[in-house]
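Colleague: I should like to go through this model with you, one contact surface at a time. Please show the sequence and the structure before we begin.

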Number of protein chains: 4
Amino acid sequence: MEHNSQNGDAKERIIHSALSLFAQKGFDATRVSEIAKKAGVTKALIYYYFTGKDEILSHLIHSLLEKAASITLDFIHTGIMRLVKEGLPEVQPDRLHFVDEGGTKKFLKSLHDYYERVVDFVIENRQILRIFLAESLKSKKGKNGLSQLLDYIRFGKDKSSACGSDFRYTDDMVLFKLFFSVIPLLTFAAYFDDYKIISSLPASALRASFLQSLQVITLSLFSGRDILLRNNAERGT
Amino acid sequence: MEHNSQNGDAKERIIHSALSLFAQKGFDATRVSEIAKKAGVTKALIYYYFTGKDEILSHLIHSLLEKAASITLDFIHTGIMRLVKEGLPEVQPDRLHFVDEGGTKKFLKSLHDYYERVVDFVIENRQILRIFLAESLKSKKGKNGLSQLLDYIRFGKDKSSACGSDFRYTDDMVLFKLFFSVIPLLTFAAYFDDYKIISSLPASALRASFLQSLQVITLSLFSGRDILLRNNAERGT
Amino acid sequence: MEHNSQNGDAKERIIHSALSLFAQKGFDATRVSEIAKKAGVTKALIYYYFTGKDEILSHLIHSLLEKAASITLDFIHTGIMRLVKEGLPEVQPDRLHFVDEGGTKKFLKSLHDYYERVVDFVIENRQILRIFLAESLKSKKGKNGLSQLLDYIRFGKDKSSACGSDFRYTDDMVLFKLFFSVIPLLTFAAYFDDYKIISSLPASALRASFLQSLQVITLSLFSGRDILLRNNAERGT
Amino acid sequence: MEHNSQNGDAKERIIHSALSLFAQKGFDATRVSEIAKKAGVTKALIYYYFTGKDEILSHLIHSLLEKAASITLDFIHTGIMRLVKEGLPEVQPDRLHFVDEGGTKKFLKSLHDYYERVVDFVIENRQILRIFLAESLKSKKGKNGLSQLLDYIRFGKDKSSACGSDFRYTDDMVLFKLFFSVIPLLTFAAYFDDYKIISSLPASALRASFLQSLQVITLSLFSGRDILLRNNAERGT
DNA sequence: AATGAATGAGTATTCATTCAT
DNA sequence: AATGAATGAATACTCATTCAT
């Protein structure tokens, strides 16, 4: 009943209503009629703009992935590539080697900026992410969310963006990044509101705390002035 | 149609069928009739044993928690305590300090054994975990899965075991453990089958790779002979 | 999608699209949106030209009847009458009697020409006829197609043309003409395209074959030089 | 609302209700809820017994065809085959030749009995036939009613019933039988009730009149003591 | 312990139709 | 003449659940 009424055009209202309902009760449990009511439109109009409930979800996820891609690409270009061109890190088969302390610092700064942007992005889009995660847990045949995530990890979705160097992550590294960077990031966003309530901490504190954790993880990949691209921790220590 | 037929009694077959279907398609999307068909029983019999679909889910989650009790998820408490009693690590306000190399080694060995047990446990129970995760993403009012997880982290399962020492994790540390240990662990299990297919790696390789990643994370908390209980990475580096 | 596009004005395109769709899938099963798509116009335009789907159907049936007027379906009246006036067949209460062979021949020739015209007419208008037949099978209250057909048989289209002679077909004869001449004719047209495909025969062969069958039927009413107007086959043989 | 209520089991009531509604208003225009109401059951029960509205129709038509097949087969075996075995008609490539008047009489008697049974059958099943005809006019892709009819004509559905002699109808003869025997028969039944009202004749009179017309058609295939299996009327007379 | 029959309350989706522009 | 947006009223179909046996 929260008619944003004549506020914004109908299609937008449908999308936003669907988003918040999906995130709140889950995709399956959300009724088309609820979306309609919340958007202040008739059910029929929903079917005028979308072929069905599924298509609303696709639309939501699609536009999320597009936004995400642009952030990542931006970092790769303005962050890493710029530094590489300046010759600061040497690209070696299994690592980036920084010739001096300054390079390391600069890189870490750039990385931290990127992390901040990413964390802000996922917090902002936590609703869709929650849906995305929930849906990825339902293994319908074919591409489920997981494989989309992996595509992202192995060079940001757009394969044509083969940014100069052509190193490939090892299987170990992919798994590490998936379960100890990407998934934490997504679940952090997905559970953000719940966690805030349970922990009684303010949003800003959560954000800072999570960012710091990300730093720890990043530093764990550092070895002196090298940043490992392969996971070399001696196995079975 | 995979009637395990007269193999095992009906109730068990119902539970197993529900388990695998919930894990596969999600709770909402699983039809009681599907469970019945897969279990080789009639729908009515399901209602003879359970009050409804919800009760099957409760039963599943319940049995997960019971199984969890069989493994010491609160190793940190019991494992560490044992060592502490032996006087190996000194408990300091913000860290465990190992007096010698031997202590460190012993501790790490002990930790690694624990990790192996935990990873095997979650892999074994990956189906229920998948359901658990999926359901925790639906914020129905009241206790969702997340707060249960936090309880585990903060106190170990058994609250009464607040034995002896009274250190409390910092908020930072709780968040870190949740999003960079527990969640990775659970999602690793939940996505295990999917990931195996997508990555084309054998189960054993995934297991080893994940265990190694856990080690990396653990080591990142080490600082010489100390294991930090608070996340001290200089903020805002 | 077969936009005849700017080819012909919109109204015509709507009519033609509706015609072919009604004939193909039936009136009920044809969606206004399908007509619009096929005609290359918007749904709204259809409502600009017609008050609704029903009116398109009325228009179609109406135009069938108008076309029918262009051919002398009441040949029996006009054709025969002409010959009668020439004194060729003697009109007797229950039959036409031909005084000589020449009259018979002339009559048969005339009849065959008529049949050809009629068959060509129905083939040409097979789509509307198909719709007409299909609709006549739905017994909505009131005049359905059947009574219109009977009117044709009994009086020729134009009731006022009850010219001169006043013979009336017997009930037997009306039934015979309906089910063994008119209906075969209409169904032949209605099923023409289907039958062509199923039988793998060319259109011309079907036409010839059907015309020949009509001849057989006609001859069956002949008895020497008489053409029976009543069905005299000794009953209950 | 005509609950035959506890009269007969539910499935039968559903079938009968559907039958009469389909025949009355057409398949498309009949609502599942109407069937349910008329049968005195809930909609859901209809879906318990049938997969959908379509399946009810299939069931109806299927059982009609089965009944029809048994009548035809019966005639072929007890009627024709018996006479052939008695040697009465000689089977020739393009005709049956009767050696004497007695044979002809006997055959005609047998044929007339068959016609009576068939006509009674179609009148009795006029409702389903009406549906069948109406549906056959909608050319959905694949087997429509027409091809089923043709299969019947070319040796009664069951091809394995290759009753001794192996003559094949000519294309002309098939077309003739379809449009001047089978279709008249079916439409006669389909329009029976309407026609009775319009013509104001009693059912018995219609039946007799139609039977007589069938006789006329049959006789038109006779040529002295031969019954033609091919249509030999000299073309283009 | 087990089931076939039965149902109430949805639920997504459709579609002819309208209307402001 | 033409249309994109919008809708009310259906409608086929679903599904968790019940119950008599």
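Colleague: How far from a phosphate oxygen of DNA strand E does a polar side-chain atom of Tyr48(B) lie?

Modeller: This is a predicted model, in which local features need pLDDT (the predictor's confidence in each residue, from 0 to 100) of at least 70, side-chain atom pairs count only at pLDDT 80 or more, and totals for chains, interfaces and linings use all residues. Residues are numbered from 1 along each chain as its sequence is written, chains are lettered from A and ligands numbered from 1 in the order in which they are written, and side-chain values use heavy atoms, with hydrogens and water left out. For Tyr48(B), the distance from a polar side-chain atom to a phosphate oxygen of the strand is 2.3 Å.

Colleague: Which base atom of DNA strand E is 3.5 Å from an N or O atom in the side chain of Lys43(D)?

Modeller: Tyr47(C) has a polar side-chain atom 3.0 Å from a phosphate oxygen of DNA strand E. For Lys43(D), the partner at 3.5 Å is a base oxygen.

Colleague: Which elements give two or more residues to the surface near DNA strand E?

Modeller: A residue is near the strand if one of its heavy atoms lies within 4 Å of it; 30 residues surround DNA strand E, with Tyr47(A), Tyr48(B), Arg31(C), Tyr47(C) and Tyr49(D) the closest. Of the strand's atoms that come within 4 Å of the protein, 62% belong to sugar and phosphate. Helices here are DSSP runs (H or I, at least four residues), numbered from the N terminus. The elements in question are α3 (43-49) of chain A, α3 (43-49) of chain B, α3 (43-49) of chain C and α3 (43-49) of chain D.

Colleague: What area is buried between chain A and chain B?

Modeller: The contact (heavy atoms within 4.5 Å) takes 52 residues from chain A and 52 residues from chain B. Buried area is the accessible area (1.4 Å probe) that two parts lose on being put together, summed over both. Carbon and sulfur atoms give 67% of a total of about 4900 Å².

Colleague: In chain A, which residues lose the most area to chain B?

Modeller: Together they account for 15% of what that side buries, and they are Leu137(A), Tyr191(A) and Tyr195(A). The count of salt bridges (a side-chain nitrogen of Lys or Arg within 4 Å of a carboxyl oxygen of Asp or Glu) between chain A and chain B is zero. To return to the names requested, they are Leu137(A), Tyr191(A) and Tyr195(A).

Colleague: Which helix gives the most to the side of chain C that touches chain D?

Modeller: Chain C puts 52 residues into its contact with chain D, and chain D puts in 51 residues. On the side of chain C, α1 (10-25), α7 (126-136), α8 (145-155), α9 (171-190), α10 (192-199) and α11 (203-221) each supply at least two residues. With 13 residues, the element that gives the most is α9(C).

Colleague: Where in chain A is the pLDDT below 50?

Modeller: The mean pLDDT of chain A is 83, and 85% of its residues reach 70 or more. Where pLDDT is low, the predicted coordinates should not be read in detail. Residues 233-237 of chain A stay under 50, with six contacts beyond four places in sequence. The pLDDT is also below 50 over another stretch of chain A, residues 1-6.

Technical notes
A polar contact is a pair of N or O atoms within 3.5 Å; within protein, one must be able to donate a hydrogen and the other to accept it, and residues adjacent in sequence count only if both atoms are side-chain atoms.
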